[in-house]
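Dear colleague,

Please find below the structure that I am handing over to you, together with its sequence. A summary of the findings follows it.

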There are 4 protein chains.
Amino acid sequence: MSRGSANMAMKSKGYRALREEAYNANMALNTAGLVVGTFGNASAVDRDAGVVAIKPSGVSYDSLRPENMVVVDLEGNVVEGTLRPSSDTKTHVRLYRAFEEIGGIAHTHSFFATAWAQAQKPIPCLGTTHADYFHGPVPVTAVISDAQIKLDYELETAEQVIDAFRKQKVDYRGMPAALVAAHGPFTWGNSGEEAAFHAEMLELVAEMAWISLSMAPTLRGIRKSLMNKHYLRKHGRDAYYGQGRSKLP
Amino acid sequence: MSRGSANMAMKSKGYRALREEAYNANMALNTAGLVVGTFGNASAVDRDAGVVAIKPSGVSYDSLRPENMVVVDLEGNVVEGTLRPSSDTKTHVRLYRAFEEIGGIAHTHSFFATAWAQAQKPIPCLGTTHADYFHGPVPVTAVISDAQIKLDYELETAEQVIDAFRKQKVDYRGMPAALVAAHGPFTWGNSGEEAAFHAEMLELVAEMAWISLSMAPTLRGIRKSLMNKHYLRKHGRDAYYGQGRSKLP
Amino acid sequence: MSRGSANMAMKSKGYRALREEAYNANMALNTAGLVVGTFGNASAVDRDAGVVAIKPSGVSYDSLRPENMVVVDLEGNVVEGTLRPSSDTKTHVRLYRAFEEIGGIAHTHSFFATAWAQAQKPIPCLGTTHADYFHGPVPVTAVISDAQIKLDYELETAEQVIDAFRKQKVDYRGMPAALVAAHGPFTWGNSGEEAAFHAEMLELVAEMAWISLSMAPTLRGIRKSLMNKHYLRKHGRDAYYGQGRSKLP
Amino acid sequence: MSRGSANMAMKSKGYRALREEAYNANMALNTAGLVVGTFGNASAVDRDAGVVAIKPSGVSYDSLRPENMVVVDLEGNVVEGTLRPSSDTKTHVRLYRAFEEIGGIAHTHSFFATAWAQAQKPIPCLGTTHADYFHGPVPVTAVISDAQIKLDYELETAEQVIDAFRKQKVDYRGMPAALVAAHGPFTWGNSGEEAAFHAEMLELVAEMAWISLSMAPTLRGIRKSLMNKHYLRKHGRDAYYGQGRSKLP
């Protein structure tokens with residue numbers, strides 16, 4: 001999943017491509033109507049350079065610019081940029097360390113995905129729209145404990161996600177989303193832009209699942225065979241959706 | 001329902017009118033807010049030439065152009081076009097073969113129609129808005145079997161629709177929509193554009209039916225006499241809605 | 001409520017002001033997002049001239065023009081215009097004959113008001129937003145009978161409204177809206193534009209009432225004293241809302 | 001929280017900055033889609049000059065201008081302006097007298113917050129989105145009594161809010177919102193613009209709480225420790241969200 005190595009020249013220019021990618025991901029969240037006010041943030045990682053470009057904290061989307069993106073290392077220390085990085089930076093970098101193949105992360109408070117997170121319930125896979133992008137129910141974490149809040153809230157938020165995936169035996173490569181209980185969704189992907197796209201798809205399936213369940217409260221998830229069929233139409237070596245490129249057009 | 005025969009000259013020009021019609025139908029889905037990402041596809045058929053123009057697979061609506069439409073024969077083989085056709089092409093062509101009077105097909109993952117499909121319930125006819133376009137409850141198919149998935153998923157999706165209409169004794173000419181269980185809606189019409197218009201009307205009645213039933217859970221469909229009255233105001237030989245043209249203006 | 005008498009000169013010019021008013025009312029429905037496709041229609045009456053300007057049947061809002069409005073008499077006969085008037089024209093003119101002080105009528109299939117009509121339930125007055133414009137629960141008619149459908153469907157639709165107001169002892173002057181069971185809402189006002197404005201307010205209270213009841217299913221309407229206070233802040237001789245003009249700015 | 005003292009020069013110029021602030025707050029309500037028709041109003045106070053700028057009554061947002069804002073004293077008497085002030089002016093000025101540190105107030109009939117007010121239920125704090133701005137459940141008042149309606153409706157509306165906060169021991173500085181039962185929400189903040197921003201945040205959490213509860217009806221509010229953590233990330237002396245300025249960018 002690496003996107004070309006960062007050489008010294010690039011580095012001295014201030015990670016322009018990486019900041020551009022993070023900027024595009026943040027603006028995609030805004031365009032898709034997934035964020036209100038200053039909520040939400042997206043980032044992109046350069047694995048070779050070991051740095052992440054992320055939205056600055058509390059800045060409105062209207063005044064966001066590529067050059068505002070803050071570049072931090074994988075511990076969250078600012079490497080470049082004059083603004084304070086997103087208050088969720090430690091969550092992002094911890095996820096990048098744990099999920100080694102992802103290239104971008106998005107976090108929103110989008111209505112329906114957040115409503116599921118608040119309800120502290122996984123989103124069941126009720127149809128092929130869901131299975132096209134999320135290979136199973138979207139996991140929900142445990143609610144963060146008081147001990148964790150005291151320790152390091154943002155770091156522990158990532159630990160909750162990592163813990164949920166480990167305990168529930170979910171592979172992050174086929175499940176690019178998690179619901180942090182009582183908080184909201186995090187999504188990821190090959191790039192910042194794909195992470196933002198998954199945030200949009202998650203919101204779509206979160207809304208549909210809510211409506212379907214209100215129509216048929218005893219509904220269970222679809223059979224594994226149908227779920228696999230749809231997921232594998234779009235992903236993996238035998239995928240036949242799209243124009244044969246590795247990323248979505 | 002035929003729209004003029006395709007002569008050799010037209011054919012050599014690459015089915016320009018047909019691709020234009022398919023393009024307009026696809027863009028109408030987008031304008032009506034029925035599609036997100038690269039979901040959804042619409043097609044139009046030229047019965048005389050025996051060809052269908054359909055959206056290419058996985059291409060975003062922003063970058064769609066009439067010349068991108070892929071022309072396939074009624075078995076789904078590409079006749080003209082450099083892109084791969086929609087992954088749902090086999091479903092379209094199988095429906096064109098079965099429903100001999102239709103001129104266009106649309107497929108979306110629109111919120112409310114898809115929610116009904118996921119709930120695996122037909123949409124009851126609760127009012128005249130519904131009866132204006134859909135002459136009865138909108139049928140839902142059975143969930144596709146494992147055998148069908150292995151056989152030919154997209155072809156069998158069409159077979160599910162055809163099967164449901166046959167078993168439930170529904171005439172496709174008065175019911176331009178079907179819900180594929182755990183998947184989403186397909187709609188059709190005299191043209192690609194009418195198919196897209198029916199997708200929009202379906203979404204409208206799907207939302208209203210959901211709300212009405214949440215207000216009055218024991219609600220049953222309206223009487224057949226009222227349903228007939230409204231459907232026949234707009235359709236058939238005694239229609240008196242509109243300006244006397246056969247298609248909607 | 002009369003809006004100046006129409007003299008012969010005006011009449012020979014083709015009721016330009018009246019057609020303009022009806023046009024504005026129709027476009028206001030469209031701008032407020034209350035209509036989809038070719039659904040919906042609005043009209044305005046000139047009481048002195050005894051004529052009504054109304055939307056032509058089945059014409060899309062995009063191609064509507066003031067000069068397309070059809071002028072009919074109070075029996076629904078076309079007086080001026082080349083297009084066929086709305087298929088609901090008989091409903092409009094019958095309501096103008098029964099409700100002698102109204103100046104405009106609007107009919108939509110807006111989501112939430114139509115959902116209540118389909119649920120065949122009156123919209124309870126749950127708050128001051130409702131009481132500001134509708135002096136009590138919004139009445140729902142009986143479902144039209146087979147005998148009425150055979151007699152004259154559109155005329156009988158109006159009779160259902162008139163009947164409901166008489167039986168439920170509702171004064172149309174304080175209740176500018178009715179829900180036709182299994183069909184949708186009709187609203188009215190001093191002018192075509194006020195009728196359209198009431199259609200928008202009705203949709204607002206229809207949505208809020210649905211949400212409130214889903215939060216608190218045993219909720220009853222607010223006390224009459226509070227209802228009166230709010231309605232009379234805006235209407236009647238002691239009104240003190242707005243800038244002292246008789247119509248809303 | 002004072003925003004610079006108003007000297008005589010400013011006063012003679014007609015409170016231009018204050019009217020501009022009130023105008024911006026009103027337009028922010030409109031831009032955020034929180035108001036329909038002429039509903040809603042926002043104001044800003046100049047504590048040193050002892051005056052409030054507020055929206056004129058019943059004027060549409062399209063025709064609003066900074067110079068239309070009406071300046072009143074803290075008893076609601078017009079100090080400057082030719083239009084009649086909002087019919088809710090007495091509610092605003094009474095709240096300014098009771099809540100001495102606030103700089104702006106907004107009142108809307110936004111869908112979900114109003115639906116909660118109509119349901120006469122507080123909005124429980126179900127997640128961190130809520131806790132970021134509202135330090136606990138958003139209180140609902142008692143329904144106004146007949147005696148209060150007769151006394152002075154608008155003044156007593158404010159008394160209901162003040163009473164609810166006193167009885168429920170809620171500090172208005174950590175809870176910038178109240179639901180007036182059977183009516184709608186009032187919000188406040190350091191400035192008119194912050195009051196409008198809180199109205200937008202309130203609508204967001206009102207919608208999410210409704211959806212979450214419909215998914216999980218037995219849901220209770222989040223633990224106080226998690227609520228405190230999020231509220232105090234953004235507010236108070238140890239806040240670390242944003243760029244270190246006292247107001248949101």
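What area is buried between chain B and chain A, and what percentage of it do carbon and sulfur atoms give? The buried area is about 3,000 Å², and carbon and sulfur atoms give 58% of it. Please bear in mind throughout that this is a predicted model.

The contact behind that area draws on 32 residues of chain B and 34 residues of chain A. Three salt bridges are found across this interface. Among the pairs that join chain B to chain A, Asp88(B) forms a salt bridge with Arg233(A), with 3.4 Å between the closest N and O atoms. Asp88(B) belongs to the loop between β4 (78-80) and α3 (89-98) of chain B, and Arg233(A) to helix α8 (residues 224-234) of chain A, so two chains are joined by this pair. Asp88(B) and Arg233(A) are both buried. Arg233(A) also forms a salt bridge with Glu154(B), where the closest N and O atoms are 2.5 Å apart. Elsewhere, a network of salt bridges links Asp88(A), Glu154(A) and Arg233(D).

On the arrangement of the chains, chain C is superposed on chain D by a rotation of 90 degrees with 0.0 Å of shift along the axis, at an RMSD of 0.0 Å. This relation is that of a four-fold axis. Within chain C, Ser214(C) has the C-alpha nearest the axis, at 5.8 Å from it. The copies use different surfaces, since 3% of the contact residues of chain C recur in chain D. Two pairs of chains are without contact: chain A and chain C do not touch, their nearest C-alpha atoms being 12 Å apart, and chain B and chain D do not touch either, with their nearest C-alpha atoms 12 Å apart.

Over all chains, the structure holds 47 salt bridges. One of those between chains pairs the side chains of Arg223(B) and Asp146(C), at 2.5 Å from N to O. This pair runs from the loop between α7 (192-215) and α8 (224-234) of chain B, where Arg223(B) lies, to helix α6 (residues 146-167) of chain C, which holds Asp146(C). Arg223(B) has 34% relative accessibility and therefore counts as partly exposed; Asp146(C), at 35%, also counts as partly exposed.

A further salt bridge lies within chain C, where the side chains of Arg19(C) and Glu80(C) meet at 3.7 Å from N to O. Arg19(C) is in helix α2 (residues 16-31) and Glu80(C) in strand β4 (residues 78-80), so this pair ties together parts of chain C that are 61 residues apart in sequence. Arg19(C) counts as buried because its relative accessibility is 10%, whereas Glu80(C), at 26%, counts as partly exposed.

Finally, I would draw your attention to helix α6(C). How far apart are the end C-alpha atoms of α6(C)? They are only 20 Å apart, although α6(C) has 22 residues and a straight helix would reach 32 Å at 1.5 Å a residue. α6(C) bends by about 120 degrees at Asp152(C). After α6(C) comes Lys169(C), whose phi is positive, near 50 degrees.

With kind regards

Notes
Residues numbered from 1 in each chain as written. Chains lettered and ligands numbered in written order. Predicted model: local features only at pLDDT ≥ 70, side-chain atom pairs only at ≥ 80, totals over all residues. Heavy atoms only, no water. Least-squares fit on C-alpha atoms with pLDDT ≥ 70 in both. Contact = heavy atoms within 4.5 Å. Salt bridge = Lys/Arg side-chain N within 4 Å of Asp/Glu carboxyl O. Helix = DSSP H or I, 4+ residues; strand = E, 2+ residues; numbered from the N terminus. Buried < 20%, exposed > 50% of the residue type's maximum accessible area, 1.4 Å probe, protein only. Expected span 1.5 Å × (residues − 1). Bend = angle between axes of the 7 residues up to and from the residue. Buried area = accessible area lost by both parts, 1.4 Å probe.
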